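Work through the exercises below with the model open. Try each task before reading its solution.

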Amino acid sequence: MRRLRRTAALRGLVAEVELSVSDLVAPLFVREDIIEPAPIESMPGVVQHTQDSLRVEVERLAGLGIPAVILFGIPARKDPEGTEAWDPDGVVQVALRNLASDVGDDMVLMADLCLDEYTSHGHCGLLDDRGRVDNDLTLDLYGNVAIAQAEAGADVVAPSGMMDGQVLAIRDALDEAEFDDIPILAYSAKYASSFYGPFRDAVDVTIEGGGDRKGYQQDWRNGREALEEIRLDLSEGADMVMVKPAMAYLDIIARARAEVDVPIAAYHVSGEYAMLKAAAANGWIDGEAAALEQLTAIKRAGADFILTYLSAEVAPLL
Ligand code: PBG
């Protein structure tokens with residue numbers, strides 16, 4: 001085999017996968033009550049945007065050839081139901097309207113569809129009187145959020161709350177509101193992962209009482225279960241499915257790839273980004289090379305596109 005590795009040209013000729021700018025989705029945070037972009041300490045290089053700085057950033061990403069963004073909102077007010085998530089003047093809806101007018105159909109505007117950034121208790125759904133997440137009551141609210149996001153200009157809605165039946169509920173809500181052309185990217189195999197730590201800083205979410213999401217996100221000891229979640233979401237009408245996080249779950253991406261033929265997304269999450277940045281800042285690894293290696297590995301495992309905070313910095317390298 002070594003004969004095929006002798007020159008860079010030869011290696012390029014026989015390379016099995018190539019990471020491309022068109023595989024990248026940039027996650028972006030937009031916050032309501034700030035007048036200047038606010039850096040996120042645990043995610044060097046990532047900021048919470050104002051509506052204005054978000055517009056500038058999305059123009060820049062479009063200029064780099066990045067085809068898509070996914071938006072997360074940080075509202076000024078949180079309440080137990082997370083009502084800002086579907087308020088037509090909620091932070092993400094305002095952002096979507098601005099961006100839709102700026103970039104139109106030149107960029108895919110995705111909206112993360114969940115309640116955790118909007119609820120005062122930090123859970124992804126409504127709580128019942130015993131403090132447990134009420135799956136079925138939450139579904140109606142997800143429908144409201146989907147319609148508000150589609151009305152504001154989302155090209156894709158991406159439910160990340162891991163409620164059972166969420167894809168079907170959202171599909172029905174969208175169809176009823178005549179948004180039958182808006183696809184759903186389901187966070188189907190989403191693990192209760194410690195790699196989301198920095199994200200909780202980014203969206204100012206603290207789960208009340210030191211709780212966690214193990215009651216609804218997947219146990220990371222399970223692999224077959226992820227395939228079952230994917231099959232369920234597809235049967236409910238998901239157009240694309242996601243595996244999250246990425247690096248510790250390449251086996252799940254590969255198994256999903258072998259089983260389904262819809263587009264598969266992978267989310268290289270906040271903690272994966274933070275680890276890479278921290279090691280690179282210490283000079284312990286070559287940050288650029290490690291970033292390309294990780295993202296290419298995710299593609300090699302079978303992902304069609306990758307949500308990554310590295311999008312803007314790797315795009316010029318590709
Ligand atoms: C839920 C959501 C989370 C992330 C994306 N959507 C947080 C969670 O489930 O706790 C994490 C993304 C990341 O860590 O980069 N709205």
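## Exercises on the ligand site and the cysteines

The shell around the ligand is made up of eight nonpolar, three polar and seven charged residues. The model is predicted.

**Exercise 1.** Find which residues come nearest to the ligand.

*Solution.* Start with the shell: 18 residues surround the ligand. Then pick out those that come nearest: Lys190, Arg200, Lys244, Ser270 and Tyr309.

**Exercise 2.** Trace the side-chain polar contacts of aspartate 112, arginine 213 and tyrosine 309 with the ligand, then state how much of the ligand the protein buries.

*Solution.* Step one: take aspartate 112. An N or O atom of its side chain is 3.3 Å from a ligand nitrogen. Step two: move to arginine 213. Here a side-chain N or O atom is 2.8 Å from a ligand oxygen. Step three: turn to tyrosine 309. A polar atom of its side chain sits 2.6 Å from an oxygen of the ligand. Step four: consider cover. The ligand alone exposes 410 Å², and the protein buries 100% of that. Step five: locate the space. The ligand takes up the largest cavity.

**Exercise 3.** Explain why cysteine 124 does not form a disulfide with cysteine 114.

*Solution.* First, search the whole structure: zero disulfides are found. Next, check cysteine 114, whose nearest cysteine sulfur belongs to cysteine 124, 3.4 Å away. Apply the cut-off: a disulfide needs sulfur atoms within 2.5 Å. At 3.4 Å, the sulfur of cysteine 124 is too far from that of cysteine 114, so there is no bond. Last, check exposure. Cysteine 114 counts as buried, at 2% relative accessibility. Cysteine 124 is buried too, with a relative accessible area of 1%.

Technical notes: Residues are numbered from 1 along each chain as its sequence is written. This is a predicted model: local features need pLDDT of at least 70, side-chain atom pairs count only at pLDDT 80 or more; totals for chains, interfaces and linings use all residues. Side-chain values use heavy atoms; hydrogens and water are left out. A residue is near a molecule or strand if one of its heavy atoms lies within 4 Å of it. A polar contact is a pair of N or O atoms within 3.5 Å; within protein, one must be able to donate a hydrogen and the other to accept it, and residues adjacent in sequence count only if both atoms are side-chain atoms. Accessible areas come from the Shrake-Rupley method with a 1.4 Å probe; for residues, only the protein chains shown count as cover. On a 1 Å grid over the protein atoms alone, a cavity is a set of points where a 1.4 Å probe fits but cannot get out, and a pocket is an open set with protein on both sides within 12 Å along at least five of seven lines; lining residues have an atom within 4 Å of a point. A molecule sits in a cavity or pocket if more than half of its atoms lie within 2 Å of its grid points. Ala, Val, Leu, Ile, Met, Phe, Trp, Tyr, Cys and Pro count as nonpolar, Asp, Glu, Lys and Arg as charged, and the others, Gly among them, as polar. Buried means under 20% relative accessible area, exposed over 50%, partly exposed in between (1.4 Å probe, protein chains only).
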